[in-house]
Amino acid sequence: MTKVVTVKTASKTELIDITQEVRKAVRSLNITDGICMLYVPHTTAAITINESADPSVKFDILMVLNQVVPWDANYRHLEGNSPAHVKATLIGPSELIPVEGGELRLGTWQGIFFCEFDGPRTRKVYIRSLE
Ligand code: ZN
């Protein structure tokens, strides 16, 4: 069974902490022990796991991505959002998280971030258990 979480983004590029929504979905899927798979079905968005305790970290990640992938370059893709496609591929569309006793086994400082690279849009994250 797949659970779908909707994420409404507000900016062109941003990282949004969706850890609580994923925890809620894992409980509703009744996963006790196994693996939670997160999958983003978009070409200009991604998902990653990193520090959520200090909110500065997500801004630093975005700053570096914006430096590594410039807005203006000799891109061929006519839609004009090639930087978003490149960033999505660098970060990737999926994550796997161990589940034990019905809870995500994230590290103390870890959070799950939805990465918007061509917003604002309404996005989806698929959550599925692998057992
Ligand atoms: Zn495009």
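**Figure 1. Buried residues of helix H3 in the predicted model.** In this predicted model, helix H3 spans residues 82-91, and its buried residues are Ser82, Pro83, Ala84, Lys87 and Ala88. These buried residues pack against strand S4 and against helix H2 (56-68). Gly92 follows H3 and has a positive phi, near 100 degrees.

**Figure 2. The zinc site.** Four protein donors lie 1.9 to 2.2 Å from the zinc ion: His77 through NE2, Glu79 through OE, Asn81 through OD1 and His85 through NE2. Along the chain, these donors follow the spacing H-x1-E-x1-N-x3-H. Ideal angles for four tetrahedral donors are 109.5 degrees. Here the angles among the four donor atoms run from 91 to 154 degrees, and the site is irregular; the tetrahedral class is not met because it requires all angles to lie between 85 and 135 degrees. The donor residues include Asn81, which is buried at 7% relative accessibility, and His77, which is partly exposed with a relative accessible area of 35%.

**Figure 3. The open sheet of strands S2, S7 and S4.** Three strands, in the order S2-S7-S4, make up an open sheet with antiparallel pairing. Strands S2 (14-17) and S4 (45-51) are the edge strands; each has a single partner strand, so one side of each lacks a neighbour in the sheet. From one strand to the next, the twist averages 35 degrees. Four bridges connect S2 with strand S7 (residues 110-116) in the antiparallel sense, and Asp17 has Phe113 in S7 as its bridge partner. Helix H3 packs on this sheet, where it touches S4 and S7, and its direction makes about 50 degrees with that of S4.

**Figure 4. The nonpolar cores.** In soluble globular proteins, nonpolar side chains tend to be buried together. The largest nonpolar core of the model has 23 residues, of which Ile18, Val22, Leu38, Leu104, Ile112, Val125 and Ile127 touch the most other members. Two or more residues come from each of strand S1 (2-8), helix H1 (19-28), strand S3 (34-39), S4, strand S5 (94-100), S7 and strand S8 (122-130). Beyond its neighbours within four places in sequence, Val125 contacts Lys3, Val4, Val5, Val7, Ile18, Leu38, Tyr39, Val40, Ile47 and Phe114. A second core, separate from the largest, comprises nine residues, among them Leu15, Leu65, Phe113 and Cys115.

**Figure 5. Pairing of strand S5 with strands S3 and S6.** Strands of a sheet pair through backbone hydrogen bonds, either parallel or antiparallel. S3 and S5 run antiparallel and are joined by six bridges, with Gly34 standing opposite Val99 in S5. S5 is also joined to strand S6 (residues 103-104) by two bridges, again with the strands running antiparallel. In S6, Glu103 is the bridge partner of Glu100. Two residues lie between the strands in the hairpin of S5 and S6, where Gly101 takes a positive phi near 60 degrees.

**Figure 6. Backbone geometry in two loops.** Most residues other than glycine have a negative phi, and most peptide bonds are trans. Asn30, in the loop between H1 and S3, has a positive phi of about 55 degrees although it is not a glycine. Asn30 is exposed, with a relative accessible area of 62%. The peptide bond from Gly119 to Pro120 is cis, with omega near -5 degrees. Pro120 is located in the loop between S7 and S8.

Conventions
Residues numbered from 1 in each chain as written. Predicted model: local features only at pLDDT ≥ 70, side-chain atom pairs only at ≥ 80, totals over all residues. Heavy atoms only, no water. Donors = N, O, S within 2.8 Å, 3.2 Å for Na, K, Ca; no water. Tetrahedral: all angles 85-135°; square planar, octahedral: opposite > 155°, others 65-115°. Buried < 20%, exposed > 50% of the residue type's maximum accessible area, 1.4 Å probe, protein only. Pairing = 2+ DSSP bridges. Axes fitted to C-alpha atoms, helices over the stretch in contact; angles between N-to-C directions. Contact = heavy atoms within 4.5 Å. Core = buried A, V, L, I, M, F, W, Y, C linked by side-chain atoms within 4.5 Å.
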